[in-house]
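Biologist: I should be grateful for a close look at how the strands pair in this model, and at what packs beside them. Please give it as one connected account.

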Amino acid sequence: MDANQDYTEISSLGEFGLIDRLTKDIALTNSSSLKGVGDDAAVMEYHDTEVLVTTDLLLEGIHFDLTYVPLRHLGYKSAVVNFSDIYAMNGTPRQITVSLGVSKRFAVEHMDALYDGIRKACDVYGVDLVGGDTTSSRQGLVISITCIGDAPKDKIVYRDGAKDTDLICVSGDLGAAYMGLQLLEREKVASAGQKDFVPDFGGKEYLIERQLKPEARKDIIKELAEAGIKPTAMMDISDGLSSELMHICRQSHTGCRVYEDRIPIDYQTAVMAEELGMNLVTAALNGGEDYELLFTVPLSMHEAVSKLPGIKVIGHITKADLGCAMVTRDGTEIPLKAQGWNPLAQKD
């Protein structure tokens with residue numbers, strides 16, 4: 001927030017004036033969106049598909065730190081993480097509603113920046129912004145986004161469909177977003193008390209982008225469909241690979257084996273882990289916020305799935321009594337632990 005800029009108080013517009021400003025000129029692109037912003041409720045119509053709904057609540061100081069998170073990036077990320085949940089069901093996001101709780105330190109221009117990011121995400125992913133709400137907040141910025149999507153009934157993928165001998169696959173690479181967060185936090189500490197501090201992100205831009213501006217893996221869903229592959233179970237990786245994989249195994253009543261040397265990790269992530277003295281595999285297993293897709297496919301699909309770019313087979317599903325474990329490079333089995341981030345465990 002630029003202290004030298006002249007800002008417009010939100011109260012000067014009022015709730016409806018602010019909504020009108022933030023949502024003006026919104027054009028609906030999905031045929032299922034019949035009526036968007038401007039009435040008591042949005043109107044949608046879906047033919048021959050199942051409706052998917054997901055909601056995320058983001059609180060300043062718990063989920064994001066505006067010391068280093070630009071509001072445009074925050075808006076973009078807030079929308080994209082909801083899209084990711086719909087893609088993780090093998091669906092297509094169609095509409096979102098956005099509700100904000102705003103404290104007095106925010107001005108109209110700050111909300112403009114936040115909505116710029118949200119609308120950019122909607123443009124990139126072909127999603128309609130169809131409604132929402134704004135109110136005052138005494139606890140900083142609060143963002144609640146609900147995303148509605150759809151999928152044919154026979155295409156939806158749940159978490160509970162994994163079977164013994166299924167292959168475990170992930171898209172992209174893991175641990176980069178967590179390392180980006182560590183880098184941002186390190187530079188925040190270094191900047192304390194310095195007026196003209198310039199953060200050092202040289203050579204680590206990928207890590208910063210993965211944390212501040214993640215992308216949902218729409219492309220992977222398209223790849224799988226074109227290859228005729230329907231996963232047996234799927235999740236997006238928001239709380240860490242270990243935690244998400246244990247969710248799938250628990251709900252599918254199975255165990256798993258994942259191999260340390262197959263976990264995809266970017267070079268910048270490895271360099272950053274070494275700089276910080278962190279265990280690289282632990283960061284990849286438990287870091288979270290990668291928003292990659294974790295999914296299982298039948299063993300018979302091994303050749304087909306191995307040919308797809310951006311996807312790596314990292315292990316296999318086992319019978320439940322074998323438990324969940326990672327096999328290290330020397331063949332040792334280490335039980336997986338759900339050490340992903342728990343928002344309900346945050347201390348005051």
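Modeller: Two strands are said to pair if DSSP finds at least two bridges between them. The model is a predicted one, and that criterion may be applied to it strand by strand.

Strand S7 (residues 167–171) and strand S11 (residues 311–319) satisfy it with five bridges, in the antiparallel sense. Within this pairing, Ser171 of S7 has Ile311 of S11 as its bridge partner. S11 is also joined to strand S9 (residues 254–259), again by five bridges and with the two strands running antiparallel. Here Cys256 is the residue that stands opposite Ile317 of S11. At Tyr259, Arg262 lies over the face of the ring, at 4.7 Å from the ring centre.

The part that repays the closest attention is an open sheet of four strands. Their order is S3-S6-S4-S5, and the pairing is mixed. The edges are taken by S3 (50–59) and S5 (128–136); each of these has a single partner strand, so one side of each is left without a neighbour in the sheet. With direction ignored, neighbouring strands are turned against each other by 15° on average. Inside the sheet, strand S4 (residues 92–102) and strand S6 (residues 142–151) run antiparallel and are joined by nine bridges. One point of reference in this pairing is Ile96, whose bridge partner in S6 is Cys147. In a regular strand, side chains alternate between the two faces of the sheet.

Two helices may be placed against this sheet. Helix H2 (residues 71–87) packs on it and touches S3, S4 and S6, with a direction that makes about 145° with that of S3. Helix H3 (residues 108–125) lies across S4, S5 and S6 and runs at about 170° to S4. At Tyr76, a position within the range of H2, the charged end of Lys213 sits over the ring, 4.3 Å from its centre.

Aromatic side chains link H2 and H3. A pair of aromatic rings is described by the distance of the centres and the angle of the planes. The structure holds two such pairs. In one of them, the ring centres of Phe83 and Tyr125 are 5.4 Å apart and the planes stand at 55°, so the pair is classed as tilted. Phe83 belongs to helix H2 and Tyr125 to helix H3, and the two residues, 42 residues apart, link distant parts of the chain. Both Phe83 and Tyr125 are buried. Tyr125 also forms a tilted pair with Tyr87, with 6.3 Å from centre to centre and 50° between the planes. Because Tyr87 lies in H2 and Tyr125 in H3, this pair ties together parts that are 38 residues apart in sequence. Relative accessibility is 3% for Tyr87, which therefore counts as buried; for Tyr125 the value is 7%, and Tyr125 counts as buried on that basis. Phe83, Tyr87 and Tyr125 form one aromatic cluster.

A further helix pair completes the account. Helix H4 (residues 176–191) and helix H5 (residues 205–212) pack at an angle of about 100°, their axes being 7 Å apart. Angles from 65 to 115 degrees count as roughly perpendicular, and H4 and H5 are therefore described in that way. Among the residues that make the contact are Ala176, Met179 and Leu183 of H4, together with Tyr206, Ile208 and Arg210 of H5.

Terms used: Residues are numbered from 1 along each chain as its sequence is written. This is a predicted model: local features need pLDDT of at least 70, side-chain atom pairs count only at pLDDT 80 or more; totals for chains, interfaces and linings use all residues. Side-chain values use heavy atoms; hydrogens and water are left out. Axes are lines fitted to C-alpha atoms, for helices over the stretch in contact, and angles run from 0 to 180 degrees between N-to-C directions. Contact means heavy atoms within 4.5 Å. Rings of Phe, Tyr and Trp (its six-membered ring) pair if their centres lie within 6.5 Å; planes under 30 degrees apart count as stacked, over 60 as edge-to-face and the rest as tilted. Buried means under 20% relative accessible area, exposed over 50%, partly exposed in between (1.4 Å probe, protein chains only). A charge sits over a ring if NZ of Lys or CZ of Arg is within 6 Å of the ring centre and within 35 degrees of the ring normal. Angles under 35 degrees count as roughly parallel, over 145 as roughly antiparallel, 65 to 115 as roughly perpendicular and the rest as oblique.
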